[in-house]
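Me: I am new to this structure and would like to understand the terms used for it. Could you go through them with me, one at a time?

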Amino acid sequence: MKKTFAVIGLGRFGGSICKELSREGMEVLALDLDETKVNEYREIVSHAVMADSTDEFVLKELGFTNIDHVIVAIGDNIQASMLTTLILKEMGIKMITVKAQNDYHEKILNKIGADQVVHPERDMGRRIAHHIISDNILDYIELSDDHSVVEVKAGEKMGGQTLIDLDIRAQYGCNIVAIKRGKEVIVSPMAAEEITKSDVLIVIGADKDINRFEKHLVVEG
Ligand code: ATP
């Protein structure tokens, strides 16, 4: 059976989740206090309703207990976001993703039992900062507080060398898990693989090791 989703809060974040899930053919129930927002999403999602998510009775009436994954995308009203999460948790929703507004909000959401807490502004800020450091750093994904994955253009410093020559694991403590070469993706490349300067390397490791790797091999000039 197809998974069902509900998105609470139709700001920019919740709205873009609704659009993307619907584009992927998913069944989405969208909910917001604001009638204008609800009307905006009527044609996009399977069901759009105007309601207050802090009202447990309303959520039950709307059939939230049958929804597989609920995304709480309420921003400014931290109290409403926490109360909604608590109600959903008590209703036994299997997967609850919540957008956190700040670190304090995130801490409480984790305590309440949110399955996934996202911090889109902070995470996007970090990704862009890494990209600003060097044109060769294409993307940055945080895996935990101290581990990440970066996508980097090999560039002049690494081009023409093999993975053995670069000895990245021993020198920097991080691993190249894949190489993108045009349309080809080489997963778990062999040590003898020669890198070309236009290759894109997917590197995983501890942040401190990735920082050293970036400083020495990625940032040019
Ligand atoms: P974004 O950055 O994603 O645009 P935001 O962080 O500025 O959003 P808000 O605009 O404060 O977030 O909230 C997102 C939406 O959540 C709003 O459209 C608001 O009407 C809705 N919302 C707030 N409280 C509730 C509630 N209790 N029940 C349902 N919807 C709510």
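**Terms and the values behind them**

Reply: Helix α1 (12-23) and strand β2 (27-32) each give at least two residues to the shell around the ligand. The model is a predicted one, in which local features need pLDDT of at least 70 and side-chain atom pairs count only at pLDDT 80 or more, while totals for chains, interfaces and linings use all residues. Residues are numbered from 1 along each chain as its sequence is written, and side-chain values use heavy atoms, with hydrogens and water left out.

Me: What makes α1 a helix and β2 a strand?

Reply: Helices (H or I, at least four residues) and strands (E, at least two) are DSSP runs numbered from the N terminus; α1 covers 12-23 and β2 covers 27-32, and therefore each name marks such a run.

Me: Which residues come nearest to the ligand, and what makes a residue near?

Reply: A residue is near a molecule if one of its heavy atoms lies within 4 Å of it. There are 21 residues around the ligand, of which Arg12, Phe13, Asp32, Asp52 and Lys99 come nearest. By class, this shell has eight nonpolar, five polar and eight charged residues, where Asp, Glu, Lys and Arg count as charged.

Me: Why is the pair formed by the ligand and Lys37 called a polar contact?

Reply: A polar contact is a pair of N or O atoms within 3.5 Å. An oxygen atom of the ligand is 3.1 Å from an N or O atom in the side chain of Lys37, so this pair meets the definition. A nitrogen atom of the ligand is 3.0 Å from a polar backbone atom of Ser53, and an oxygen atom of the ligand is 3.0 Å from a polar backbone atom of Asp76. The protein covers 84% of the 640 Å² of accessible area that the ligand has on its own, an area that comes from the Shrake-Rupley method with a 1.4 Å probe.

Me: How do you know that β9 and β10 pair?

Reply: Two strands pair if DSSP finds at least two bridges between them. Four bridges join β9 (residues 175-181) to β10 (residues 184-187), and the two run antiparallel, so the condition is met. Ala178 stands opposite Val187 in β10, and in the hairpin, with two residues between the strands, Gly182 takes a positive phi near 60°.

Me: Where do the bounds of the domains come from?

Reply: They come from an automatic or database domain assignment, which divides the protein into domain 1 (4-118) and domain 2 (123-218). The C-alpha centres of domain 1 and domain 2 lie 36 Å apart.

Definitions and conventions. Polar contact = N/O pair within 3.5 Å; in protein donor to acceptor, adjacent residues only side chain to side chain.
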